[in-house]
Amino acid sequence: PLAARLYDRAADRLSPLDGEATMTASFIYRCRAPWADQPAARLGEALGLLLRAQAEGSADHWLAAAEALRACRLHSRAMEAARRVAEFEPDRAAAWLILGDELRDLGQLEEATDAYKSAARSAPRCARAWYAMGTTYWSTGRRERAARDLARASELAPDEPVYQRAALLAETYLEAQSDTGAVERAALMFPLDPHGALPAEP
């Protein structure tokens, strides 16, 4: 049957890498069926993009796979795909952003910061890179550095409310950092949301 062939192909290609392949491949038949639900369809699409990237090996294909895999919360697969993009094109900021987002979601904040630094070096005018770096520094307690990066994000994207709220928090911190209460109140008024919807960049 078609389902068996698809499952075997996916398992052969992906099982040496991690156990997520089995879970993903198990959805393939449902993805091809009329009653497939949306999450299963997304998993099938992500697997198809990954297989294509493995076959064709271009940075664009690996980036498309990384984005789809992240949307499906297949974290290790998304990180692997993002790293492959960086191997082909070290200055591809989008890959470093995906890698940083995945590392941050896994609680690996120091590694995430390094990835965001690479994104900012690759695309110095990418507000999202500076915002992501700033929010990660804020989470690790390095607030002065965070404030500078958040302010930079707002300078690059003055029309984006997400970045402007972050700038207000940064300004409050830089003006009243000795007043812990004021900073904490500002953090409540202008919360940082690294998981929130951000403009698509670059």
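Contact here means heavy atoms within 4.5 Å. The model shown in every view is predicted.

**View 1. The whole protein chain is built from helices, with 12 of them and zero strands.** From the N terminus on, the elements run α-α-α-α-α-α-α-α-α-α-α-α. The protein chain has 202 residues, and 45% of them count as buried. It exposes about 10400 Å². Carbon and sulfur atoms supply 51% of that area. Among contacts with a separation of 6 or more, 49% come from residues 24 or more positions apart.

**View 2. Serine 154 sits in helix α10.** This helix covers residues 143-156. Is serine 154 buried or exposed? Its relative accessibility is 10%, and buried means under 20%, so serine 154 counts as buried. Which residues does serine 154 touch, leaving aside its neighbours within four places in sequence? They are Tyr163, Gln164 and Ala167.

**View 3. Two tyrosines form the one aromatic pair of the structure.** The partners are tyrosine 131 and tyrosine 163. Their ring centres are 5.3 Å apart. Their planes meet at 55°. Planes under 30 degrees apart would count as stacked and over 60 as edge-to-face, so this pair is tilted. Tyrosine 131 lies in helix α9, residues 127-139. Tyrosine 163 lies in helix α11, residues 161-176. The pair therefore ties together parts that are 32 residues apart in sequence. Both tyrosine 131 and tyrosine 163 are buried. Tyrosine 163 also appears in View 2, as a contact of serine 154.

**View 4. Leucine 97 is a buried residue of helix α7.** The helix takes in residues 93-105. Leucine 97 has a relative accessibility of 1%, so it counts as buried. How far apart are leucine 97 and alanine 82 in space, C-alpha to C-alpha? The distance is 8.7 Å. In sequence, leucine 97 and alanine 82 are 15 residues apart.

**View 5. Helix α6 has the span expected for its number of residues.** Helix α6 has 14 residues, 75-88. At 1.5 Å a residue, it should span 20 Å. The end C-alpha atoms of helix α6 are 20 Å apart, so the two values agree. Which residues of α6 are buried? They are Arg77, Ala78, Met79, Ala81, Ala82, Val85 and Ala86. Ala82 is the alanine paired with leucine 97 in the distance of View 4.

Note on methods
Residues are numbered from 1 along each chain as its sequence is written. This is a predicted model: local features need pLDDT of at least 70, side-chain atom pairs count only at pLDDT 80 or more; totals for chains, interfaces and linings use all residues. Side-chain values use heavy atoms; hydrogens and water are left out. Helices (H or I, at least four residues) and strands (E, at least two) are DSSP runs, numbered from the N terminus. Buried means under 20% relative accessible area, exposed over 50%, partly exposed in between (1.4 Å probe, protein chains only). Accessible areas come from the Shrake-Rupley method with a 1.4 Å probe; for residues, only the protein chains shown count as cover. Rings of Phe, Tyr and Trp (its six-membered ring) pair if their centres lie within 6.5 Å; planes under 30 degrees apart count as stacked, over 60 as edge-to-face and the rest as tilted. The expected span of a helix is 1.5 Å times one less than its number of residues.
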